[in-house]
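Work through these exercises with the structure in view. Try each task before you read its solution.

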Amino acid sequence: MMKKLLSLLLASAMSLSLLAGCGGAPAPAQSNNPPADASSSQGDASTPQTPAGPIKLAALSSGYETTYPGMWKEVCDAFTAETGIEVELTLEKNLEDVIGPSMQGGDYPDVVLLATGREKGLTEQFIKDRLIADISDVLSMTIPGESATVSSKVMPSMVGTNATNPYGDGKTYLAPMFYSPCGLFYNAGLFAEKGWTVPTTWDEMWELGDKAKAEDIWLFTYPTTGYFDAFLYALMYSVGGPDFFNKATSYAEGIWDTPEGQQCFDIIAKLAEYTNPVTPAQANETDFSQNQQLILENKALFCPNGTWLPGEMAEAPRADGFEWGMCALPAAKAGGAGASYSFLEQIWIPSGAANVDAAKQFVAFVYSDKAVDIFLKGGAVQPVNGIVSKLEGDNVMFYSIYDTGASAVVGIFSAYESVAGLGTVREVFLDPVNALVSGQITKDQWVSDIKAASDQMRANLVVK
């Protein structure tokens, strides 16, 4: 297991695929803490003893930090003031590359803020190799500085899915950190100017695409293929409802031969024909904002994204009269419901962390009123009860998407063991969209590869 991890981390540091060959690895850093599946305290989890520190926090720097620089430092300082535990913060956009070398030597961060769905798949790899600590007891902890427990504040719908409980054993390994309704972003000012109506079905979407094309505007673009995860999840749900969604995300045998499966592929393949052709060349972690820029300059109508987008593009030039709009994915048929995937960023503790006790204290603290209010300054919204009443500006519109009839979708593809030659979910399902848009592969080739990979994924599920 550890041999797999080292080879993946070495490959990440060399900017190669995380699916590189195997090599030897040192043992994890020693810890005086109890095992990952044990309580972090000597008594009740709701009254943990004050642990020692300092702790190391490794967090992904995203558009939230662009909106409010210093967001994470302020949270860390507030935690230290409340508990006396110092925090050493590592905040990087290329977090996997930065923390990789130290982990090669068995020196793990104590807390990691890194979601699933990233191109390098580091969190998924830790899940597959069972290198993430059980943090179920954090849910019953009293939040430092408050009388409330974590479970009393977190939205019930955001825990208990395979996004937080990947092994189906009733235990939580990843805590839901930030959540964002994902949908199609557009220039509401342009729609008002043209008298266009936001499509509610895919038939209406194609009709709008033809209207826009007549005015030299493409219907669609996307930042990178990674953004098709939220898109695909919402599409599967809108096409086949929860039953199809659950079977598809667990690679059920024959699922892609069903009418619902075929409809998903047909929609994405047709959408590729309506996508601005410059998109694939810019669909990478360096140039992705140029694709987002296309909707600001009316060179594409829709772009799949999350609520962090306006903050990320706050200083970007835009067309006169530009106004942010966001809608759910259209319904599969007239009278049906659209769908919006709720993207979750996860915070977790490596099982090899040196300070698991203190790390759990920090994870509990991020749900405190103090932390919640600091994160909101950066537009980072946490899945805590009553959060919508605190929102302002565009976020009020974005987070009310479920109040206008859109189905809320939560969950991810099931984890499977590492297998030589078998790619990640992103590599199999999403990355080929670039080739679809550029005409390098056909829909049938793409679907054939997905079916073959799904058979291997199903056979190697972490939870069977």
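Buried means under 20% relative accessible area, exposed means over 50%, and partly exposed lies in between (1.4 Å probe, protein chains only). The model is predicted: local features need pLDDT of at least 70, side-chain atom pairs count only at pLDDT 80 or more, and totals for chains, interfaces and linings use all residues. Residues are numbered from 1 along each chain as its sequence is written, and side-chain values use heavy atoms, without hydrogens and water.

**Exercise 1.** Classify glutamate 124 by its relative accessible area, and place it in the chain.

Step 1. Find the element. Glutamate 124 lies in helix H5 (residues 122–128). Helices are DSSP runs of H or I with at least four residues, strands are runs of E with at least two, and both are numbered from the N terminus.

Step 2. Apply the cut-offs. Glutamate 124 has a relative accessible area of 23%, so this residue is partly exposed.

Step 3. List its contacts (heavy atoms within 4.5 Å). Leaving out residues up to four places away in sequence, glutamate 124 touches Thr116, Gly117 and Arg118.

**Exercise 2.** Describe the sheet that contains strands E6, E7, E5 and E8.

Step 1. Recall the rule. Strands of a sheet pair through backbone hydrogen bonds, either parallel or antiparallel. Here, two strands pair if DSSP finds at least two bridges between them.

Step 2. Read the order. The four strands form an open sheet, E6-E7-E5-E8, with mixed pairing. Strand E6 (218–220) and E8 are the edge strands, each pairing on one side only.

Step 3. Look at one pair. E5 (residues 183–187) and E8 are antiparallel, with four bridges. Tyrosine 186 has glycine 325 in E8 as its bridge partner. Asparagine 187 is bridged to tryptophan 324 in E8.

Step 4. Check the faces of E8 (residues 324–327). Trp324 and Met326 point one way, Gly325 and Cys327 point the other way, and all are buried.

**Exercise 3.** How do helices H10 and H19 pack?

Step 1. Take the geometry. Helix H10 (residues 259–273) and helix H19 (residues 443–459) pack at about 140°, with axes 11 Å apart. Axes are lines fitted to C-alpha atoms, for helices over the stretch in contact, and angles run from 0 to 180 degrees between N-to-C directions.

Step 2. Name the class. Under 35 degrees is roughly parallel, over 145 roughly antiparallel, 65 to 115 roughly perpendicular, and the rest oblique. H10 and H19 are therefore oblique to each other.

Step 3. Find the partners. In H10, Gln262, Phe265, Asp266, Ile268 and Ala269 meet Lys443, Trp446, Val447, Ile450 and Lys451 in H19.
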